[in-house]
Amino acid sequence: MSASQPTSSRRQFLARSATAAAAFGFPAIVSCKSPNEKLNLVFIGVGGRGASNIKELAGVALYVPPRGKNAGKPGGAEPPPPTIEPRENVVALCDVNGENLDRAGAAFPKAQKFRDFRKLYDSLSANEIDAVVISTTEHTHAYATLPALLMKKPVYCEKPLSHNVAEARLITEAAAKAGVVTQMGTQIHGMPNYRRVVELIQSGAIGKVTEAHVCVSRAWGLQSKEDAEKNGDIVHVMERPAVAETPPPYLDWDLWIGPAPMRPYSSVYFPGPKWYRWWDFGNGTMSDLGSHWNDLPFWALKLDAPLSVEAFGPPAHPEIAPASMHAVYEYGPRGDMPACKIHWHQGADKPEVWKNDPIISKWSNGVLFVGDKGMLLSDYGKHILLPEATFKDFQPPKPFIADSPGHHAEFLAAIRNGTATGSPFSYAGPLTEANHLGNVAHRAGGKILWDAKAMRITNNEAANRFLSRVPREGWKLG
């Protein structure tokens, strides 16, 4: 079956079965490793999130030397950590940033080192790899992930799963065909609070939910210099730089660009996550933090593909994602759950209840579920039922979603024991698609009607160009 023509029923089945397995601990796949045998791990992207994933999965913290004015001074940085025996075998490391690669290589001297993950996959045989961990920038996630799935290897990929809708669909389908363990890096999914919220919503604590508001305070992206300073943006830029800069000597800029159209290096893209506001490399806050915040209503309300999405906010810029915006998703009935609308509020765009309610207004970020018997407000670590007087004697249901051993631990356990992960690609793929569609609606300049089975926008043919991209020469998927 092609990536562009999956059946919605199949996608729904995969998503629902994966969620059920995560909730009740049903086996996901047959175990392929002895519980006491070390796994052979490959890490693609080893700085930032990659270094964190190395620490969580291999048990080794990478030494980061001091920089800037504190370099070489007492107290300028933590001393190098003591040598630790890794929990797993790290057989290969890859990064376009030579400094990151050398740092990781020092911790794992036996690991092969690569700058280009295409060469990594060409060099390593399938029997040398037990799992691959992807922590690159999002515009190369699908390109680093698909080869591992084609080798039928488990994959842990940072969020968002892809750069666009078509890539998300392709990866979801490839993972289903491979039948291997997968996990998207939405670490909050594995924390207890989200599980308790899902239990409350699905047990009917606030009745039938027909509306939810996701409110995210981060305002990074296209905005005035004054607003950028007020909102703590890490860089201010309104147009593509006209003057080229020289890339740092440790950075392979051609590889960093990857499948995106080539452009000269500029410090408005790198270092740090400044790149994520540019459509060629990322999708702004929607696909980044949406992977975490939209995860909660997606899980609790058993969502899949929206019927329509409408966006509100500033006119779309051809190259830069907005700092603030509002998107409304319409979903049809799901089982015993009624049709509902999910509102995404980003940056300065907040719903009236967030501005006026004395309790809700104190929460800078959160998800507000609105039911016919009350409301539930949650952030990453806590939640409350509203109005408080109505629920003062409320007794929550007995937990029926098992607590997670940890988002990374789930991935390793699944490989060894055949247990489930919390955010497999069968779930994370549709979530990623929905997040991307919010940006597609913004770029399309209005409401889009979505045919998930055909993977087409039916009321605005021109908007379909935002669903995919043609990769630069030398890069391909499949």
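## The parallel sheet

In this predicted model, Asn 40 has Asn 89 of strand S2 as its bridge partner. This match belongs to the pairing of strand S1 with strand S2 (residues 89-94), two strands that run in the parallel sense and are joined over 5 bridges. On the next step outward, S2 pairs with S3, again in the parallel sense, over 3 bridges, and here the bridge partner of Ala 92 is Gln 112 in S3. Strand S1 (residues 40-44) also has a parallel neighbour in strand S4 (residues 131-134), to which 4 bridges join it, and in this pairing Val 42 stands opposite Val 132 of S4.

These pairings can be placed in a wider arrangement, an open sheet of 6 strands with parallel pairing, whose order is S3-S2-S1-S4-S5-S6. Which strands form the edges of this sheet? They are strand S3 (112-114) and strand S6 (182-185), each of which pairs on one side only. If direction is ignored, neighbouring strands of this sheet are turned by 15 degrees against each other on average.

## The mixed sheet and helix H14

A second open sheet is built from 9 strands with mixed pairing, and the order of its strands is S13-S12-S11-S7-S10-S9-S8-S14-S15. Its edge strands, which pair on one side only, are strand S13 (383-386) and strand S15 (456-457). At the S15 end of this order, strand S14 (residues 448-451) pairs with S15 in the antiparallel sense over 2 bridges, and Asp 451 has Arg 456 of S15 as its bridge partner. Helix H14 (residues 425-444) packs on this sheet, where it touches strand S8 (308-312), strand S9 (325-331), S14 and S15, and the direction of the helix makes about 120 degrees with that of S9.

## Two helices that pack together

Besides touching the sheet, H14 packs with helix H10 (residues 284-293) at an angle of about 145 degrees, and the axes of the two helices are 9 Å apart. The crossing in which H10 passes H14 is right-handed. On the H10 side, the contact is made by Met 286, Ser 287, Gly 290 and Ser 291, while H14 contributes Leu 431, Asn 435, His 436, Gly 438 and Asn 439.

What kinds of residue make up this contact of H10 with H14? They divide into 2 nonpolar and 7 polar residues, with no charged ones. A general point about helices may help in reading such a list: an α-helix has 3.6 residues a turn, so residues three or four places apart point the same way.

## An enclosed helix

Why is helix H7 (residues 192-202) described as largely enclosed by the rest of the structure? The reason is that 8 of its 11 residues are buried. The buried residues of H7 are Asn 193, Tyr 194, Arg 195, Val 197, Val 198, Glu 199, Leu 200 and Ile 201. After H7 comes Gly 204, whose phi is positive, near 85 degrees.

## Aromatic pairs

The structure holds 16 aromatic pairs. One of them joins Trp 253 and Tyr 265, whose ring centres are 5.1 Å apart and whose planes stand at 90 degrees, so that the pair is edge-to-face. Because Trp 253 lies in helix H9 (residues 253-257) and Tyr 265 in the loop between H9 and H10, this pair ties together parts that are 12 residues apart in sequence. Both Trp 253 and Tyr 265 are buried, and both belong to one aromatic cluster, which is formed by Trp 253, Trp 256, Tyr 265, Tyr 269, Phe 270, Trp 278 and Phe 281.

Phe 391 and Phe 394 form another edge-to-face pair, with 5.8 Å from centre to centre and 80 degrees between the planes. Are these two rings buried or exposed? Phe 391, at 12% relative accessibility, counts as buried, whereas Phe 394, at 28% relative accessibility, counts as partly exposed.

## The chain as a whole

The chain contains 14 helices and 15 strands. Of its 478 residues, 55% are buried. When contacts between residues at least 6 apart in sequence are considered, 71% of them join residues that are at least 24 apart.

Key. Residues numbered from 1 in each chain as written. Predicted model: local features only at pLDDT ≥ 70, side-chain atom pairs only at ≥ 80, totals over all residues. Heavy atoms only, no water. Pairing = 2+ DSSP bridges. Contact = heavy atoms within 4.5 Å. Axes fitted to C-alpha atoms, helices over the stretch in contact; angles between N-to-C directions. Buried < 20%, exposed > 50% of the residue type's maximum accessible area, 1.4 Å probe, protein only. Left-handed = near helix turned anticlockwise from the far one by under 90°. Nonpolar A, V, L, I, M, F, W, Y, C, P; charged D, E, K, R; others polar. Phe/Tyr/Trp six-rings, centres within 6.5 Å; stacked < 30°, edge-to-face > 60°.
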